[in-house]
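Biologist: Could you take me through one part of this model in detail, the loops and the helices they join, with the reasoning behind each call of buried or exposed? I would like one connected account that I can follow with the coordinates open.

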Amino acid sequence: SDWSSDVCSSDLEMSLKDLLGIMPTPSTPVNAVGESWNRIEERLGTGLPVDYKEFIGLYGSGRVSTFIWILNPFSSNTYINLFDQVARQLDALRTLSHDFGEKLPYELFPTLGGLLPFGLTDNGDVLHWLTSGTPNNWAVVVNDSRSAECQRFNADLTTFLFRILTRVECCTIFSSAFPQGSPSFESR
C-alpha cells in the first residue's frame with residue numbers, strides 16, 4: 001500500500017468527490033456539527049485532516065457499509081465519540097505494550113508520529129492516523145483488535161475508504177467478507 005503521501009487540496013477534494021460518488025450522504029446527518037473545529041483541535045492538542053472534518057460535516061455519525069465507525073467529536077455516544085475513544089483506545093494499546101509485552105510498531109499520540117485513533121470496526125479493529133507531518137498528509141494505520149499487528153495505507157481517510165470500498169485496495173486485517181454490496185452509510 002504505497003500511495004503518494006504528497007497530498008494537496010485538489011487531491012483532498014478529489015478523494016472526497018470519489019467517495020461521494022459511491023456512498024450517498026444521509027439526508028439528515030446526525031451530529032454533523034457542534035462546537036467549532038478550532039475548539040475541537042485545541043482540546044485534542046492537534047490539527048485534524050480537512051477531509052475528516054468535511055466527512056463529519058457531510059455524513060455525521062454512523063457506520064460505513066455496516067462495518068466501519070468513524071469517530072465523531074460531536075457525538076454524545078461514548079462508543080463513537082472521538083475524545084472518549086482516543087483515550088480508551090490509546091490506553092488499550094499502552095496496556096498491550098506495558099502489561100503484556102507486545103511490541104507496538106508505532107509510537108502513540110501525543111508523541112509526534114504516534115497513532116491517533118479515528119475509527120473502529122464492528123470486529124474491534126482500530127483505524128488510526130499516523131501523525132507524521134501535517135494533518136492532511138497523515139497516513140491511515142489499521143490495528144488488529146487482538147494484537148499489535150498493523151497495516152499502513154499512505155492515504156487520507158476519504159481515499160482510504162474509497163479504495164477499500166471499491167476493492168482497489170485490501171485491508172488484510174478486516175474480514176475477507178468486507179465490503180459486501182454497494183457502499184452505504186447508516187446514520188446513528
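Modeller: Happy to! One cut-off comes first: a residue counts as buried when its relative accessible area is under 20%, as exposed when it is over 50%, and as partly exposed in between. Please also keep in mind that this is a predicted model.

Let us begin with Leu104, which sits in the loop between α4 and β3. Its relative accessible area is 15%, so Leu104 is buried even though it belongs to a loop. What does Leu104 touch, once its neighbours within four places in sequence are set aside? Its contacts are Leu93, Leu96, Ser97 and Ala148.

Further along, the loop between α4 (82-98) and β3 (115-121) also holds Pro110. The peptide bond joining Phe109 to Pro110 is cis, with omega at about 20 degrees. A cis bond also links Phe178 and Pro179, this time with omega at about -5 degrees. Pro179 is placed in the loop between α5 and β7 (185-187).

That loop between α5 and β7 is also home to Arg167. Its phi is near 60 degrees, a positive value in a residue other than glycine. Arg167 has 51% relative accessibility, so it passes the cut-off and counts as exposed. To place this residue relative to our starting point, the C-alpha atoms of Leu104 and Arg167 are 28 Å apart, with their positions 63 residues apart along the chain.

Ser65 makes a useful comparison with Arg167. Ser65 also has a positive phi without being glycine, near 50 degrees. It lies in the loop between β1 (62-64) and β2 (68-70). Is Ser65 buried or exposed? With a relative accessible area of 7%, Ser65 is buried, whereas Arg167 is exposed at 51%.

Now to the helices, starting with α2, whose buried residues pack against α3, α4 and β3. Helix α2 covers residues 37-44, and its buried residues are Trp37, Ile40, Glu41 and Leu44. Why do they line one face of the helix? Looking down the axis of α2, these buried residues fall within an arc of 95 degrees, and so they share one face. The spacing fits a general rule: an α-helix has 3.6 residues a turn, so residues three or four places apart point the same way. Turned away from the buried side is a face of α2 with the exposed residues Asn38, Arg39 and Glu42. Just after α2 comes Gly45, with a positive phi of about 90 degrees.

Helix α3 is described in similar terms. Its buried residues are Asp51, Tyr52, Phe55, Ile56 and Tyr59. Viewed along the axis of α3, they fall within an arc of 140 degrees, so the buried residues here line one face too. Just after α3, Gly60 takes a positive phi of about 70 degrees.

How do α3 and α5 meet? The axes of α3 (residues 50-59) and α5 (residues 157-165) come within 7 Å and cross at roughly 70 degrees. The two helices are therefore roughly perpendicular to each other. On the α3 side the contact is made by Asp51, Tyr52 and Phe55, and on the α5 side by Leu157, Thr158 and Leu161. By type, these contact residues are 4 nonpolar, 1 polar and 1 charged. Asp51, Tyr52 and Phe55 are also among the buried residues of α3.

Two further residues round out the tour. Asp18 is in helix α1 (residues 9-22), and its C-alpha atom is 7.8 Å from that of Thr159, although the two residues are 141 apart along the chain. Asp18 has a relative accessible area of 29%, so it counts as partly exposed. Gln151 belongs to strand β6 (residues 150-153). Its relative accessibility is 13%, and Gln151 is therefore buried. The side chain of this buried glutamine reaches the backbone oxygen of Cys170 at 3.2 Å.

How values were computed:
Residues numbered from 1 in each chain as written. Predicted model: local features only at pLDDT ≥ 70, side-chain atom pairs only at ≥ 80, totals over all residues. Heavy atoms only, no water. Helix = DSSP H or I, 4+ residues; strand = E, 2+ residues; numbered from the N terminus. Buried < 20%, exposed > 50% of the residue type's maximum accessible area, 1.4 Å probe, protein only. Axes fitted to C-alpha atoms, helices over the stretch in contact; angles between N-to-C directions. Parallel < 35°, antiparallel > 145°, perpendicular 65-115°, else oblique. Contact = heavy atoms within 4.5 Å. Nonpolar A, V, L, I, M, F, W, Y, C, P; charged D, E, K, R; others polar. Polar contact = N/O pair within 3.5 Å; in protein donor to acceptor, adjacent residues only side chain to side chain. Arc of directions from axis to C-beta.
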